[in-house]
Amino acid sequence: MSGQGGSAAPALVSLLLLLWHRAAAIEVPLDLKQPPTITKQSVKDYIVDPRDNIIIECEGKGNPVPAFSWRRNGKFFNIAKDPRVTMRKRSGTLEIGFRSGGRPEDYEGEYQCFATNDFGTALSNKILLRVSKAPLWPKEVLEPEVVTEGSSLVLPCNPPPGLPPPITFWMDSLMNPIPQDERVSTGLNGDLYFSNVLVQDAQTDYSCNARFLFTHTIQQKNPITLRVQTSRKVAESTPTFLSPSGTESAKMVLRDEQLQLECIAAGLPTPTIKWFKKGGELPLRKVKFEKYNKVLRIVNVSEEDAGEYVCMAINHIGSIRHSIFVQVKAAPYWLDKPTDLVLAPDENGRLVCRANGNPKPNIQWLHNGLPIEMAMPSTNRQVLGDTILFRSVQIGSTAVYQCNASNEHGYLLANAFVSVLDMPPRMLGPKNQLIKVIKNKRTFLDCPFFGSPLPELRWFKNGQGSGLDGGQYRAYINGTLEIKRALAEDEGTYTCVASNILGKAENQVRLEVKDRTRIVGAPEHQTSIRGSTARFVCQVNSDPSLPITVTWTKDDKPIHLGWRLKKDGESLTIPNVNEGDEGLYTCTVASEIDQDSASARLTVLDRPDPPMDLDLSDPAARSVRLTWIPGNDHRSPITEFLVQFEEDRWEPGRWQDLASFPGELNSVILQLAPFVNYQFRVIAINSVGQSQPSRPSPRYKTSGAAPDAIPRGLRGWGSKKDNMEISWEPLLDLERNGPNLHYHVWWRRKDSGEPWSNVTTADSKHVVQSTDTYVPYEIKIQARNEFGSGPESNVITGYSGEDKPTEAPADLRVSRVDSTKANIHWKPVNLSSVQGEFKEYRLYYWRESSLVPGLSFSKEKKTKGFYSTVAEPSAILSDLVPFSKYKMFMVVANNRYEGPPSNTVEITTKEGVPDAPRFFKISLRSLDTISLEWDKPVEPNGILIGYQLKYHTVNGSRLGRPQLETFLPNVTDFAMRLSGRSTRYKFFLSALTQVGAGESIAEELPHFANEAYIDQVDIATQGWFIGLMCAIALIILILLIVCFIKRSRGGKYPVRDKKDLPLDPVDQKDQDGSFDYQ
């Protein structure tokens, strides 16, 4: 996982800032009068495209704004006289256009720019302008190259000289690259080298191509035909060098450039190349071996890379060496480059110009573009080689000086002005800046200033102290204050004060120290199956006062969030992933002053693509080779290939599995069956699943043959008492091996000495009729088709049909009976009377009655088999119900029939212990009383004489002292008073017969409604509640008495006492003229 990228970048930036702050010179504000400075110019060796306009750059600054002029080939270049040349406004950049004609080649030469104002002249480098050239290949007729097999060969390229030189490569006339290897390779000069020639090298032609970068064109040389003369035996040879020649050579390279050493050897077998350096080790951190070790390349050459390099060519015949003596020269390079110098009147100063090179460069000073010897003599200036000393300078001493360091390999030119000014200090940066920095980071507070004489700058914190410099702080001459490690206590207001003899100026910077923004939970690499959901989480810690933004990129490109990709806070969710989602996802969390990032890769797995291009080869009678090209495995390696087949004779259109093969194979031998018209397909399998099947292969038909297989499942058995069915499993379709499949079956009575009977049939069974009952036969079978007979099976034993046994077991009796078991005895039958395979003696028994009055039960017949061939057989009948009467009889059985029954026997089982009560439950009757209820056992197994209840108090896992209660058989409930509300009990209840206690049923006192009921007050026992209930009852009694008295006094009235009102139909009249008033 990559999560450290965010922390490395700030460290690099801090280092660069440190170097800049140390090197930065005092910058003269542009609103002040100053000499010109060149700010931008074209490169020294300037090659231009002839199809474009020519632009030669020269930009500068100064006050007043400088005027620009040019020299071409050392002479003044009059721009006004050439209509094709223009100079940009407020700039020295030249534009040369060719719309109206003209040739770019006419403007080739050496150009130099001059920027001049009232205070001096600055110069650009001498710019050598050349026009790119792509000359055509000379026309030539190339004769075929004739070479002997095994000998070496060099095909020359000799590209036309271009500017810059072209890149060469070899192709055939069909534009296919010539393969490069240890034997065949292209040299640095473009030639094609063959260490030894093979016959197949003549199968193509060879054409050298030159690519010109500026014109973006490729030119092709006429192809070379190669003819190889073969011989019966090619002689091996010791190595010889094709390039370079001889035993030693020399190479000169300039410092900081690239060194390429080449050794190409001939020989058979092809030699290998090894490199070493005499008197030292190869600088492995800088050395790269290319072109199969034939080229040694060193970048950024330095003086220590000089020396003797040896290449050695080796094969098993011999070896050869070549020494290359490398000499490192150097164009001039700066040791101390002159910088602008600002002085006050009467101040002293110096300009230093130090450079090195090989050979040592010559130092030349110029004054405003002219040799300093031609400048007006000055008593204030003294030239001492690479240094100019200035003493007691005056206002009129301002000028631009040039230093030129040159040797035979190049030159350096630097401008540096000396400006004499008289000015009080002034601050150049913004006022009262707020700087936010990260805790524990190196911090720089800038305070750009200017003044002449150069002001002294001091820093103060919170208006206190005597100046910050030393310890945690470091003040630089350009006004920058370095805080080596910013901490929370470094927060505050910093004041910088610049002062010189003419005055002082100050500025303030407020510093806030913040916690670092960092990713504490980086996203993790994920492998997801296509269609699933991937989620990256990026957990962040940051300073609470700094707002942060979390952004996600994929392969360094922004992610477009929409209907599918969702960003939720610090996480990124990718539902329904597909191959397009695969890549490197980077979470970047940024505040206004820092950032951190972490990356994780999403790998999308999918089923493999189906295999392609199925091909059949190596045909044989029962095999063929199948070859295919595996499809894309979608980043989950293929572990298995499944080969399927389809045949068009018996099950056309149905694909069946044939064989599986490891995933590293793609060419296999398939074992096939005869007389099948196959076609095949292949399915690739990886950890995700199976691919779609490949396209079918061509059909492949195997020739017929006699059957190889023996019919399986051969058996003989009787479906009737006088027959025997011989049956078998028919051969599978792929086992037929040919047309007209049939079966030849033999049988004879076992141990009879009879000849074999036989039959030929196409079915899968044959019935032999008129057999004796249950006699053994020997049986065998063979499959046949039009091509011949298959192997015979082994002889098996079968039997004819069975009949009903004729005898019954005799004298069935019982010798011992307890509550659940009985010992039974009988006399065996003659096994010949079984008339079949003896299977068992089968006992039928059933429960006739129960000795428990009124008990309901089932009289279902049950059976139990006993296999015994002893003279006096016996057995134990178990699982009987106690206290019951049983009846039983016995028969003998073969595989199909039962014989006649034996005598019937009746037994009575003894009384036993009862089953557990049918149920047992506990309920709460009152706050301190519980009710226990139960029911009789389903099977009492005797006469119940009562119940016994054992119970214990429970404290965690410990039981208290047991207590016992007994009850009469007609009692099925019990009320028990609790000794305390929090006391727990465990109960064991069992029923009793005379034999003893039966199986017990256990219950524990439950928690009633989480014991909330126990905590309630029983209002039925409260005095006020009893009084209230009595008062209500008394009132109700009084009301009832009053109603009774009223009804007794006026239940019926005479009609005449009533008003003349019509009677309702519901009124019921009495015979005495009265009615019920309702």
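How many residues lie between E34 and E35 in the hairpin they form, and which residue in the turn has a positive phi? In this predicted model, the hairpin has 2 residues between its strands, and Gly385 is the turn residue with the positive phi, at about 65°.

Take the hairpin pairing next. Strand E34 covers residues 381-384 and runs antiparallel to E35, with 4 bridges holding the register. One of the residue pairs here is Arg381 with its bridge partner Phe390 in E35. E35 itself, residues 387-390, also pairs with strand E30, residues 349-352. That pairing is antiparallel too, and it again comes to 4 bridges. On this side, Leu351 has Ile388 of E35 as its bridge partner. So much for E35: its Phe390 is matched with Arg381, while its Ile388 is matched with Leu351.

Further along the chain there is another piece of sheet to look at. Here 3 strands make up an open sheet, ordered E64-E65-E68, with antiparallel pairing. Its edges are strand E64 (712-717) and strand E68 (765-769), each of which pairs on one side only. Direction ignored, neighbouring strands in this sheet are turned against each other by 10° on average.

Within this sheet, the pairing of E65 with E68 can be followed down to residues. Strand E65 spans residues 723-729 and meets E68 in the antiparallel sense, over 5 bridges. Asn723 is found opposite Gln769 of E68.

Conventions: Residues numbered from 1 in each chain as written. Predicted model: local features only at pLDDT ≥ 70, side-chain atom pairs only at ≥ 80, totals over all residues. Heavy atoms only, no water. Pairing = 2+ DSSP bridges. Axes fitted to C-alpha atoms, helices over the stretch in contact; angles between N-to-C directions.
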